[in-house]
Structures are given as C-alpha cells and as structure tokens.
Number of protein chains: 2
Amino acid sequence: MFEFNITSTNGRARMGVFSTPHGELQTPVFAPVGTQATVKTLTPEHLKGINASLVLSNTYHLYLRPGDELVRDMGGLHNFMQWPNPMLTDSGGFQVFSLSNIRKIDEDGVTFKSHIDGSMHRFTPERSIQIQENLGADIIMAFDECADPNDRAYIKKAMERTHRWAVRSLEAHRRSDQALFGIVQGGVDPNLRAQSAEFIASLPFPGIAIGGLSVGETKDEMHQTLDVVTPLLPENKPRYLMGVGTPEDLINGVLRGVDIFDCVLPTRLARHHAAFSSEGRLNLMNATFARDPRPIDESCDCYTCCTFTRAYIRHLIAAKEYLAGTLISIHNLRALIRLMEEIRVAVKDGSFTEKAPGLLAQWDNNAKRKTS
Amino acid sequence: MFEFNITSTNGRARMGVFSTPHGELQTPVFAPVGTQATVKTLTPEHLKGINASLVLSNTYHLYLRPGDELVRDMGGLHNFMQWPNPMLTDSGGFQVFSLSNIRKIDEDGVTFKSHIDGSMHRFTPERSIQIQENLGADIIMAFDECADPNDRAYIKKAMERTHRWAVRSLEAHRRSDQALFGIVQGGVDPNLRAQSAEFIASLPFPGIAIGGLSVGETKDEMHQTLDVVTPLLPENKPRYLMGVGTPEDLINGVLRGVDIFDCVLPTRLARHHAAFSSEGRLNLMNATFARDPRPIDESCDCYTCCTFTRAYIRHLIAAKEYLAGTLISIHNLRALIRLMEEIRVAVKDGSFTEKAPGLLAQWDNNAKRKTS
C-alpha cells in the first residue's frame with residue numbers, strides 16, 4: 001500500500017501512480033476541496049463525471065461539525081459522504097491559524113476558539129492524528145504551525161516546532177491504511193526551507209507536503225521556495241503543495257516537481273459567477289452573456305458545457321438560482337482536472353517543459369476577470 | 001397531436017396517455033415546478049433520474065426575467081433549460097394576483113407592478129398567450145382571474161371575466177404545437193363552479209384546468225368543488241388541478257377524476273429540511289437524526305435514499321450546505337412521482353378506489369411534521 005511509482009519524467013516534472021486503499025491516484029493530480037464533507041453544491045456523481053480522483057476535506061471543520069467520532073461511527077469519511085475514491089484530510093493546523101479568532105500556541109499544541117460558536121478547543125499533534133484517524137482519509141497530514149511568511153523572526157521558531165510536531169505526529173499515528181505526510185515549513189527563507197525539507201525528508205513519511213505557501217508571499221517567492229525544496233526531497237515520495245492554487249500555480253508547481261495540489265479556487269469562483277475559459281476568466285453575470293448561445297467554453301467536455309448556454313447560466317445567476325453555482329463549479333473543477341490530464345499526457349510524451357510556456361500564456365488570461 | 005387516450009378507469013379515476021410534441025405523458029401525473037426555468041437546485045439529469053415527465057414553469061416569472069423573447073430566441077424553454085420532455089406554463093394570472101403588489105384589473109386585462117424591481121407591466125389574454133407562445137411549452141393556459149374564494153360577491157364577476165378571457169385566449173392562440181387549456185373558476189360556490197365547468201367544457205380546448213383551488217379554501221370545499229366540476233367535463237380531455245398539492249390532495253384528486261397536478265410543495269419543503277417518509281414527515285435538522293444511519297425512507301428508490309444517510313443529510317443542513325436542499329428535493333419529488341406511479345398501477349388493475357383509504361392513511365402522517 002502507498003507505493004508511489006514514477007512512470008515518466010520530463011525535466012523536474014513527474015508523472016506517477018500513488019496506490020491508496022481507495023484506488024490508484026494518477027499524478028500530477030488536482031484535488032477538489034470538500035471542506036465540510038461535501039464539495040460545495042456537487043453530488044459525488046458530479047465529481048465522478050468530471051473525473052475527479054482525490055478529494056480533500058478539512059479536519060478543523062469536521063472536528064467541530066459534525067464531530068470526528070460521529071464520522072467514524074458512520075463508517076468514516078468515505079462512507080459518510082459516499083466518495084469511493086481516495087481522500088485526503090489536512091491536519092487542522094492551517095484553519096486553526098486562519099479561521100479561529102483566539103489561539104494560544106505552546107510547545108504542546110494550540111488552544112483555539114471555534115469560529116462557529118466561540119467554544120474553546122485544543123489541538124495537539126496527537127489529537128490531530130487521532131481526529132484524522134477517526135475521519136479515515138487515505139492521506140493525512142502531520143500537525144504543523146503555519147506562520148505568517150512576513151514575520152521572518154517568528155518563522156524559524158514555528159518551523160522548529162513543526163519539526164518536533166512532525167516527530168510526535170509520526171509516533172502518534174496507528175492506522176496502517178493511512179499515509180501520513182510530513183509538512184515542510186520555513187516561510188520564504190531559503191535557508192529555513194532547505195533545513196525543513198532536509199529534516200522532514202529524513203523522517204519515514206510516505207509522502208511530503210509543502211505548507212505555508214499561497215498565504216501572502218509573491219509568486220516569485222513561491223517559485224523560489226519550490227526551487228529550494230523539491231530538489232531536497234526524495235524522488236520516490238509524492239509531493240503535495242498545500243492549498244495551491246491557480247491554473248498557473250499548477251503548471252509552475254508541476255514544472256518544479258510537485259505531484260498533488262488542492263484549492264478552493266474553482267468552487268469559490270463558481271459561487272461568485274466567475275468561470276475559467278479559453279477566452280480568459282468570465283464573469284457570467286455580465287449582461288454581455290444574456291443572449292450568448294455558446295457554452296462557457298467551447299473546448300470543454302464537462303456536463304455544463306455540453307448542455308447549457310451562457311445565456312441560461314446568466315439567467316440562473318440573475319434569478320439567484322443555486323443551480324448556477326452547481327453548473328459553474330462542475331465546469332471550473334473540470335477545467336483544472338482537464339489541465340492536469342493534459343499535463344500528464346505532456347509529461348509522458350516528454351513535451352511538457354516545452355509546452356509549459358504556452359500553457360502558462362493560455363491560462364494567464366484566466367488570472368484576471370474578463371467581462372466581454 | 002394532443003390526443004388523450006384513457007387506457008383504464010377505476011371509479012372516477014382514470015389512467016391515460018396524453019401525446020405532446022415532446023413525448024407522451026402517462027397520467028395521472030405530478031409535475032415538479034421549475035418556476036424560473038429550473039426546478040430549484042436540480043439539474044435535468046436529476047429530474048430524469050426520478051422519472052419526472054412533465055415540468056411546469058411560470059409565465060409571470062419568465063416574462064419578467066429573463067424575458068419571454070429572450071427565451072424564444074434561445075430556442076424556447078425546452079432548449080433554454082434543456083428539458084427534453086413535456087412542459088407546461090401557466091398563464092401568469094395567478095402570480096399577478098399573488099405576487100405583485102399593485103394591480104389594476106379592468107375588462108381588457110391587468111396592470112401590475114413587478115415584485116423584482118417595481119416596474120409596471122400589463123397582461124391581457126392576448127399578451128399572456130403571446131408570451132406563452134414565445135416560451136414554447138407543450139401545454140399552455142388561458143389567462144384567468146383567480147379571485148379570493150372567500151370574497152363570494154366578487155367571485156361571480158371574476159368568473160365571468162375569466163370566461164370572456166378564455167374565448168379571447170383561444171382566439172389569440174396560433175401555435176398548433178401547443179395545447180391551450182381553459183380554466184374553470186368560480187371559487188367554492190357549487191353553482192358558479194358548475195356554470196364555469198359547463199362554459200369552459202363547451203369551448204374547443206384540448207384540456208381543461210381547474211383553477212382557484214388550494215388558495216385558502218378547506219379540504220372539504222376542495223373535494224366538493226371537484227365533485228361538482230369533474231362530472232361536467234368531457235371524458236376525453238385531460239383535467240389539470242392547478243397548484244395542488246399535498247400527497248393527500250393528489251390521491252383525492254385522482255379519486256375525483258383529475259389527471260394532472262403540480263405543486264411547489266416537495267421542493268419548498270426540501271429547502272426547509274422537511275422530507276416525506278413512510279414514517280411521516282421528517283424534519284431532518286432534528287438532533288435525533290445526527291447519528292441515524294438509515295436513508296430518509298427505507299422504501300424509497302431515489303438517488304438520495306440509495307446513497308446517503310439521514311446523519312449525512314442532517315450534517316449538510318447544520319453546516320448550511322446547499323447540497324442538503326438538492327438531496328431532499330430529489331427525494332421529495334421522487335416520493336410524489338412514485339405515489340403517482342403506484343396510483344397508475346392501481347387504476348390499471350382496478351384496485352385504486354379500494355386502496356385509496358389505505359394510501360390516504362399512509363400519507364396522512366406526512367401532513368404534519370414528525371420530529372422523532
């Protein structure tokens with residue numbers, strides 16, 4: 001179990017297969033985010049229809065609601081949300097730092113206030129692992145401290161604590177049907193990142209995550225950090241760039257040897273009526289689309305694009321119908337999953353590094369909103 | 001086209017086939033309501049999955065947004081919302097009277113204020129038919145005045161105007177691929193209802209609707225009204241009881257010779273977390289269901305019941321995830337469509353009148369909410 005076989009490489013980009021108890025993951029892979037045990041507005045059938053493989057869910061959210069023991073008693077996360085394919089949970093560390101109002105960090109763990117009802121809770125590495133064992137995802141994360149990348153004085157302290165917490169997470173982990181990944185931290189300081197990569201790589205994790213990016217640093221800082229980190233990681237373990245990202249980030253990440261990505265962007269954009277397209281990002285509420293008989297993207301093979309016009313989706317948005325969010329989510333997720341499929345083919349036939357600048361240019365116009 | 005063949009009868013109950021340009025309707029039939037060209041939170045695939053056949057949409061809403069000419073230019077309602085099976089639009093009359101704040105009725109038509117932006121609009125029988133021709137449903141309605149059933153002095157005046165508008169609607173109608181139904185009014189006054197039924201039955205409508213019920217009258221009044229009206233209608237034309245209703249109303253309607261029903265109840269209940277079940281109506285937000293591993297209804301064959309637990313749906317509700325509304329809508333609509341399938345089988349084998357009291361008793365506990 002958890003064998004990772006690299007089947008092709010192209011430059012630093014890799015194509016591989018990661019075996020999990022719920023099936024094989026073709027990498028590089030983009031994971032839709034199902035924060036609260038559901039990818040917002042979509043059924044598992046929709047996810048199968050867009051060829052989603054890995055789905056991420058959030059430990060912090062599920063611990064607070066409905067509770068990890070309830071999920072365990074209902075047969076675990078796969079059974080609870082009826083997702084039969086691989087799943088990943090984060091450690092809760094990031095949400096504790098980004099969502100809860102009050103938190104107190106000490107060597108042992110973090111005390112925080114629920115963003116839902118203000119109740120007080122405590123996570124330690126052991127508690128996070130216990131919760132993730134209850135949830136039962138295939139891939140779980142060591143508990144880490146994600147510090148503000150601009151607070152350079154603090155980053156070192158947080159990184160060293162993350163390392164001690166990584167060891168404790170490993171020691172606490174019992175379930176052999178879950179792959180526990182360690183997390184590299186260190187902000188955007190190349191020396192700290194190198195130190196963290198080497199330390200985490202020295203531990204017997206079956207996979208390694210790169211945390212603390214996409215949290216306020218520049219794109220250049222993200223790329224430079226990846227350039228420091230991935231060469232220090234073992235070739236034979238999957239690498240997961242947490243919470244990243246935009247289509248450009250995925251291309252740049254694969255170019256730098258990343259295998260797994262997740263991000264809320266496609267579904268969040270969908271709820272704000274923005275859609276990826278080969279013409280650039282579209283705001284489908286725009287009046288321009290009121291009588292547009294075309295699909296969101298003529299080159300897309302998703303259910304939404306094979307079925308509905310921009311005019312209809314624009315009407316649903318104007319009429320405040322939730323179906324709009326569903327249809328655009330299907331499309332936006334399919335767009336990124338299709339991008340990853342395209343990247344895998346290119347890595348396999350050795351053309352990815354050559355094609356990457358063109359892909360980046362093609363997706364560049366999706367960074368900004370296009371309204372006509 | 002629009003041939004109506006009654007294939008079985010049982011007492012006053014009928015089973016038949018109504019042919020439309022978008023396929024044959026097996027009657028008695030329950031039509032989900034897609035007010036704004038979408039059955040709220042569901043894709044057309046969901047509707048096919050629950051064996052929905054006829055879908056209703058609202059002329060008043062679509063006229064205001066996105067506009068009937070836009071729908072026409074996008075290929076009509078079937079194409080716009082991608083529903084390939086039969087559709088029905090109402091005349092807008094009911095919504096003008098129930099939704100718009102200011103209205104002025106005269107012999108020629110109604111001037112009303114949009115509930116969306118306060119703009120002023122005018123419907124006449126000719127305008128309603130023109131709008132419905134633009135929308136392009138298979139079954140369309142004559143423009144009528146739905147008066148308060150308790151204002152008995154006014155009811156007669158409204159009924160007589162409805163009769164004159166019925167004649168004008170017939171004269172205005174041009175499209176031969178649409179069946180224009182006349183509407184019987186007359187409140188709950190048996191004499192007026194009889195007069196209206198005879199008048200509307202005398203006109204060359206291919207089907208006849210019974211309007212002005214489920215608007216504040218008692219159940220007994222509804223049944224008595226049906227007992228007066230349906231015996232006066234021609235046997236060979238389908239009868240549509242507008243905006244009705246509850247499971248009990250469907251059973252009682254079929255018993256009295258009704259063929260077509262529509263109601264927002266199943267989807268509206270779903271958005272308020274209430275589900276039909278053989279145990280009675282369930283409020284799925286109730287804490288009782290937090291760890292309930294059963295489907296909403298063990299006897300149900302819908303996607304929701306074949307896939308998800310009450311515990312999961314309760315979690316989605318608590319977490320304010322829209323998927324809850326989708327899943328409960330699928331179930332509630334399927335429950336009524338399945339009831340109609342059961343009724344058709346019983347009419348065919350001659351057991352419906354005998355089974356009806358049992359069916360009514362079985363569904364009676366769905367009238368009230370059951371919380372444990």
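**Two chains, bridges and odd bonds**

Trainee: What is the count of salt bridges between chain B and chain A?

Mentor: There are four salt bridges between chain B and chain A. Keep in mind that this is a predicted model.

Trainee: Why is the link between E321(A) and K40(B) called a salt bridge?

Mentor: The closest N and O atoms of E321(A) and K40(B) are 2.6 Å apart. The cut-off is 4 Å, between a side-chain nitrogen of Lys or Arg and a carboxyl oxygen of Asp or Glu. The pair is within 4 Å, so the name applies. Side chains of opposite charge can pair when their charged atoms come close.

Trainee: How many residue pairs are in polar contact between chain B and chain A?

Mentor: 16 residue pairs, with both residues at pLDDT 80 or more.

Trainee: Which helix of chain B gives the most to the side that touches chain A?

Mentor: Helix 13 of chain B, with five residues. By class, that side of chain B has 21 nonpolar, nine polar and eight charged residues.

Trainee: How many residues does the contact take from each chain, and how much area is buried?

Mentor: The contact takes 38 residues from chain B and 38 residues from chain A. Together the chains bury about 3200 Å², with 62% of it on carbon and sulfur atoms. R291(B), H315(B) and Y322(B) supply 18% of the area that chain B buries against chain A, more than any other three residues.

Trainee: Turn to the inside of chain B. Why are helix 7 and helix 8 of chain B called roughly parallel?

Mentor: Helix 7 (residues 152–172) and helix 8 (residues 190–201) of chain B pack at an angle of about 5°. Angles under 35 degrees count as roughly parallel. The two helices are therefore roughly parallel to each other. Their axes are 11 Å apart.

Trainee: Which residues make the contact of helix 7 with helix 8 in chain B?

Mentor: Helix 7 of chain B gives residues including I155(B), M159(B) and H163(B). Helix 8 of chain B gives residues including L192(B), F199(B) and I200(B). By class, the contact has seven nonpolar, three polar and two charged residues.

Trainee: How many salt bridges are there over all chains?

Mentor: A search of the whole structure finds 52. One case is in chain A, between E45(A) and K48(A).

Trainee: What makes E45(A) and K48(A) a salt bridge?

Mentor: N to O, their side chains are 3.2 Å apart. That value is within 4 Å, so the pair counts. Both residues lie in helix 1 (residues 44–49) of chain A, three residues apart, about one turn of the helix.

Trainee: Where are the cis peptide bonds at P66(A) and G245(A)?

Mentor: One joins R65(A) and P66(A), with omega about 15°. P66(A) is found in the loop between helix 2 (59–64) and helix 3 (68–73) of chain A. Another runs from V244(A) to G245(A), with omega near 5°. G245(A) lies in the loop between strand 13 (239–241) and helix 10 (247–255) of chain A.

Trainee: What makes F2(A) worth a note?

Mentor: Its phi is positive, about 60°, although F2(A) is not a glycine. Most residues other than glycine have a negative phi, and most peptide bonds are trans. F2(A) lies in the segment before strand 1 (4–10) of chain A.

Key:
Residues numbered from 1 in each chain as written. Chains lettered and ligands numbered in written order. Predicted model: local features only at pLDDT ≥ 70, side-chain atom pairs only at ≥ 80, totals over all residues. Heavy atoms only, no water. Contact = heavy atoms within 4.5 Å. Buried area = accessible area lost by both parts, 1.4 Å probe. Polar contact = N/O pair within 3.5 Å; in protein donor to acceptor, adjacent residues only side chain to side chain. Helix = DSSP H or I, 4+ residues; strand = E, 2+ residues; numbered from the N terminus. Nonpolar A, V, L, I, M, F, W, Y, C, P; charged D, E, K, R; others polar. Axes fitted to C-alpha atoms, helices over the stretch in contact; angles between N-to-C directions. Parallel < 35°, antiparallel > 145°, perpendicular 65-115°, else oblique.
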